[in-house]
Amino acid sequence: MTNEMEINNASDAFTLAIHLAATAPSNDKAKECLKYAFDIASKLDPKEIGLCFMSATVVTEMESNQ
């Protein structure tokens with residue numbers, strides 16, 4: 001099964017980056033994802049960042065329960 005996500009804006013990109021960091025197979029890959037996440041976060045306001053973290057948490061938890 002393939003997982004696809006359409007990225008339409010900075011919020012989508014940030015959510016994906018932090019989800020990928022949380023599920024990365026190694027610390028090096030997680031650090032790479034976090035680098036992108038920090039770059040993207042600079043374009044978001046704090047409320048958007050919080051909502052993205054909540055979304056990424058839900059997706060990560062749902063995937064771990066499958």
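Is cysteine 33 buried or exposed? Cysteine 33 is buried, at a relative accessible area of 16%. The model discussed here is predicted.

**Cysteines**

The number of disulfides in the structure is zero. Cysteine 33 takes part in no disulfide, and the cysteine sulfur nearest to that of cysteine 33 belongs to cysteine 52, 15 Å away. Likewise, cysteine 52 is in no disulfide, its nearest cysteine sulfur being that of cysteine 33 at 15 Å. A disulfide requires two cysteine sulfur atoms within 2.5 Å, so a pair with sulfurs 15 Å apart does not count as one. Cysteine 52 is buried as well, with a relative accessible area of 5%. The values for the two residues are set out below.

| Residue | Relative accessible area | Nearest cysteine sulfur |
|---|---|---|
| Cysteine 33 | 16% | cysteine 52, 15 Å |
| Cysteine 52 | 5% | cysteine 33, 15 Å |

Both percentages fall in the buried class, because that class covers values under 20%.

**Largest pocket**

The volume of the largest pocket is about 210 Å³. Its lining consists of 10 residues, and those nearest the pocket centre are Met5, Leu16, His19, Val59 and Glu63. Two elements each supply two or more lining residues: helix H1 (10-22) and helix H3 (46-64). H1 provides the largest share of the lining, with four residues. Sorted by class, the lining of this pocket comprises five nonpolar residues, three polar residues and two charged residues.

How values were computed:
Residues numbered from 1 in each chain as written. Predicted model: local features only at pLDDT ≥ 70, side-chain atom pairs only at ≥ 80, totals over all residues. Heavy atoms only, no water. Buried < 20%, exposed > 50% of the residue type's maximum accessible area, 1.4 Å probe, protein only. 1 Å grid on protein atoms, 1.4 Å probe; cavity = no way out; pocket = protein on both sides within 12 Å on 5 of 7 lines; lining within 4 Å. Points joined across faces, edges and corners; volume = space filled by probe spheres on them. Nonpolar A, V, L, I, M, F, W, Y, C, P; charged D, E, K, R; others polar.
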